[in-house]
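Biologist: Before we discuss any of the labels, could you show me the model and then take me through the reasoning behind them?

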Amino acid sequence: TPPGAQTLAPRPGLAYRVAAGDDPCFFPGRCAEVFLCRLGADDAVLSEERVGLFGVVHPEVLANYGLVKIHAYPTSVLELDLEPLQYEP
């Protein structure tokens with residue numbers, strides 16, 4: 001398994017890792033991206049794709065969407081694409 005990656009126990013050959021992200025919709029330093037890693041026989045990364053991100057939404061973004069009542073409170077968002085995790089026989 002590559003450094004910083006966690007294996008997905010029921011799915012041999014797959015791992016994931018989380019890395020700092022840089023998306024202007026989130027507070028600076030409060031965003032992360034989730035990557036799905038496909039591993040070879042020697043646990044070397046064969047391919048990697050971003051499957052999600054999460055973080056604390058910037059108050060200006062909340063205000064732009066008319067969410068004025070909640071923009072005074074920290075609001076977090078998680079986006080995760082589950083399709084790449086579907087079982088492939």
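Modeller: This is a predicted model, and a helix in it is a DSSP run of H or I with at least four residues, numbered from the N terminus. Glu60 lies in such a run, helix α1, which covers residues 59-64.

Biologist: Why is Glu60 called exposed?

Modeller: Exposed means over 50% relative accessible area, and Glu60 has 56%, so it counts as exposed. Along the chain Glu60 and Phe26 are 34 residues apart, while their C-alpha atoms are separated by 9.5 Å.

Biologist: What makes up the largest nonpolar core?

Modeller: The largest nonpolar core has 6 residues, namely Phe26, Cys31, Leu53, Val57, Val61 and Leu62, and the elements that give two or more residues to this core are β3, β4 and α1.

Biologist: Why does Cys31 count as buried?

Modeller: Buried means under 20% relative accessible area, and Cys31 has 8%, so it is counted as buried. Cys25, at 37%, falls between the two cut-offs and is therefore called partly exposed.

Biologist: How do you know that the sulfur of Cys25 is too far from the closest cysteine sulfur for a bond?

Modeller: A disulfide needs two cysteine sulfur atoms within 2.5 Å, whereas the closest cysteine sulfur to that of Cys25, in Cys31, is 8.9 Å away, and therefore too far for a bond. The structure holds 0 disulfides.

Biologist: And why is Leu78 called exposed?

Modeller: Leu78, in strand β5, has a relative accessible area of 60%, which is over the 50% cut-off, so it is exposed. Leu78 is also one of the residues forming a nonpolar patch on the surface, with about 630 Å² of accessible area together.

Conventions
Residues numbered from 1 in each chain as written. Predicted model: local features only at pLDDT ≥ 70, side-chain atom pairs only at ≥ 80, totals over all residues. Heavy atoms only, no water. Buried < 20%, exposed > 50% of the residue type's maximum accessible area, 1.4 Å probe, protein only. Patch = residues over 30% accessible without salt bridge, like charges linked within 9 Å, V, L, I, M, F, W, Y side chains within 5 Å. Areas by Shrake-Rupley, 256 points an atom, 1.4 Å probe, with all protein chains shown as cover. Salt bridge = Lys/Arg side-chain N within 4 Å of Asp/Glu carboxyl O. Core = buried A, V, L, I, M, F, W, Y, C linked by side-chain atoms within 4.5 Å.
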